[in-house]
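User: Please take a close look at one buried position in the structure shown here. I would then like a connected account of how its surroundings relate to other parts of the chain.

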Amino acid sequence: MLTRRTVAVLILVCSAMWPSVLAAMAQETIAIVGATVIDGNGGDPLPEATVVIEGARIAAVGPSASTAVPDGARVLDGAGKFLTPGFVDTNVHTSLYGAGFGKHRKENAVFYWERGAEIALEAAQMHLKHGVTHLRDSYGQLPQLIEVRDAIAEGREVGPRMQVAGNIVGWGGAFSVTFSLIADSDLSLWEEQFSDHLAQGAGEDLMDMYPEELRVAISNYLDKGVDFVKYGGSSHWSYPTMIGFSPEAQRVIVEETHRRGLVAETHATNPESLRLAVEAGIDLIQHPELLAGRPYSEELLTQIRERGVICSMLVNTITGAAWEQHLADVAAAEARLADPGNSAEWGRLRRPVEREKTSFELRRERNALGHGNAMRRQNAKSLIDAGCIVTLGTDNFPAADVQFLREPKPIWQEPGIGTLMAIEGLVELGMTPSEAIVAGTRNGALAARALDEFGTIEAGKFADLVLLDANPLEDIRNIRQQAMVMKEGRVIDVNALPTRPVMFVR
């Protein structure tokens, strides 16, 4: 006999489950007929194919002549179109984390502080709008990210699947020495509170712990519900690059993360910090092409390749429109350095003095001439040529509302479109279009440790699909020509995204 209390509990449980129950009941059998399937495995495309979707998953893939369409299925005409897996971005930042864009990091974060989950959902939906069906958010507000992740997973919100890391372990949040070179004495109370909220107890204190203390701290952080761990193998800034944790401390972080069956990855941006992280057993490197302006050694490339460490490459900032901007900036700097303003007139008034340039002056010149970006591009090519496992991680973020911006944000760092530009950029760096699609689909699923669930078009996997109007194997830029986006068997109304606009427009 059910008591009144039992009935109340059942009502609450059913109410919580009802959105996902309805979502499951509402899904139908769909057949996409006649499209050319580019399955994400890198093999030859399958022309005039049929893909049958039952519920959230792919039930069958094969030639239309021999693949039956189930009775009652909704048929989508794919004739003349091309079907790829949904895209995966392995390094994004959907939530507020203080670094809006330019000098507007604080204004935007303060203004939208109480709407953090809305901002994260909106940015995630902008990715889905462009065919990105899975995200790995590697730094941001953990409570808000978990809220959005779970709302999407339970069918209460529309969005890509999400895996979240929260803080970069060992860093102290947006307004800290480790993240922004801001001294404690310069912080307001709000900045301190915001940084603590980001750090979630896994901040700078961890750098000073004994290994066994660190083991407990990492375990406690993992209990908060993160999907993977990213730690600061080096400092955030590029010069001088400091090593973040000792070799033993890094092994502890990796061991405790692996004990939970999760991915351990790092931000390590000079040769020695990266070598230590690789030897500690990491699974993935974020922006591995960023190596303090130094080229890769053959030894380090070999270590990465032979250990199967995944390289989540920040391609969108060194290719395409970003590279064109880089070249223009370099040309302007060369002209400026060759003839400083009024130098001839000034020289007639002052006696010439010969002196050596300081190391600081030389470094400023190298920076102005874009040596860092040029080396990043060279390193990216080296990783590709060495046969390392490459995927893309764009570092894309929602940035600041236009009311706080003096200049537009670069389009290559906008959620969604920036991911497509990164896939295009892999071709610019030497990949074939097929290889670039593999990097943006299959390898992304590999980075998420979910290749058995998504990343390729195969029976049994989630029906994460993008239907294109033109052939991306002929021109990779055709990945922008999207006729349909499907996530887990549901056709997404991309024109309705974001569902509740905050900073973006539909």
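Analyst: Leu 426 belongs to helix H15. Helices (H or I, at least four residues) and strands (E, at least two) are DSSP runs, numbered from the N terminus. The model is predicted, so local features need pLDDT of at least 70 and side-chain atom pairs count only at pLDDT 80 or more, while totals for chains, interfaces and linings use all residues. Residues are numbered from 1 along each chain as its sequence is written, and side-chain values use heavy atoms, with hydrogens and water left out.

Because its relative accessibility is 0%, Leu 426 counts as buried. Buried means under 20% relative accessible area, exposed means over 50%, and partly exposed lies in between (1.4 Å probe, protein chains only). Apart from neighbours within four places in sequence, Leu 426 is in contact with Val 315, Ile 384, Val 390, Leu 392, Met 431, Ala 436 and Ala 439; contact means heavy atoms within 4.5 Å. Leu 96, by comparison, is 330 residues from Leu 426 in sequence, and their C-alpha atoms are 28 Å apart.

Leu 426 is also one of the residues with the most contacts inside the largest nonpolar core, together with Tyr 231, Leu 274 and Ile 304. A nonpolar core is a set of buried Ala, Val, Leu, Ile, Met, Phe, Trp, Tyr and Cys residues joined through side-chain atoms within 4.5 Å. This core has 76 residues, and helix H15 (residues 417–428) supplies its largest share, 6 residues. Another core, of 21 residues, lies apart from it and has Ala 109, Tyr 112, Ala 174 and Ala 399 among its members.

One contact of Leu 426, Ile 384, leads to helix H14, where Ile 384 is among the buried residues. The others buried in H14 are Met 375, Arg 376, Arg 377, Asn 379, Ala 380 and Leu 383. These buried residues pack against H10, strand E13 (310–313), helix H11 (320–338), strand E14 (389–392) and H15. At 1.5 Å a residue, the 15 residues of H14 (residues 371–385) should span 21 Å, and because the end C-alpha atoms are 21 Å apart, the two values agree. The expected span of a helix is 1.5 Å times one less than its number of residues. Just after H14, Gly 387 has a positive phi of about 85°.

Tyr 231 opens a second view of the largest core. Leaving aside neighbours within four places in sequence, the contacts of Tyr 231 include Phe 245, Gln 250, Ile 253, Val 254 and Ala 277. Of these, Gln 250, Ile 253 and Val 254 are among the buried residues of H8. The cover over the buried residues of H8 includes H7, strand E10 (228–232), strand E11 (263–267) and helix H9 (271–280). H8 has 13 residues and should span 18 Å; its end C-alpha atoms are 18 Å apart, so expectation and model agree. Gly 261, which follows H8, has a positive phi near 75°.

The packing of H7 on H8 can be described in more detail. Two packed helices are characterised by the angle and the distance between their axes. Axes are lines fitted to C-alpha atoms, for helices over the stretch in contact, with angles from 0 to 180 degrees between N-to-C directions. The axes of H7 (residues 211–222) and H8 (residues 247–259) come within 9 Å and cross at roughly 35°. The residues of this contact comprise 7 nonpolar, 2 polar and 5 charged. Here Ala, Val, Leu, Ile, Met, Phe, Trp, Tyr, Cys and Pro count as nonpolar, Asp, Glu, Lys and Arg as charged, and the others, Gly among them, as polar. On the H7 side, Leu 214, Arg 215 and Ile 218 are included, and on the H8 side, Val 252, Ile 253 and Glu 256 are included.

Finally, some backbone details deserve attention. Most residues other than glycine have a negative phi, and most peptide bonds are trans. Ala 292, in the loop between strand E12 (284–286) and helix H10 (298–306), has a positive phi of about 55°. With a relative accessible area of 33%, Ala 292 is partly exposed. Glu 488 also has a positive phi, near 50°, and is found in the loop between strand E16 (482–487) and E17. The peptide bond from Leu 497 to Pro 498 is cis, with omega near 0°, and Pro 498 is in the segment after strand E17 (490–491).
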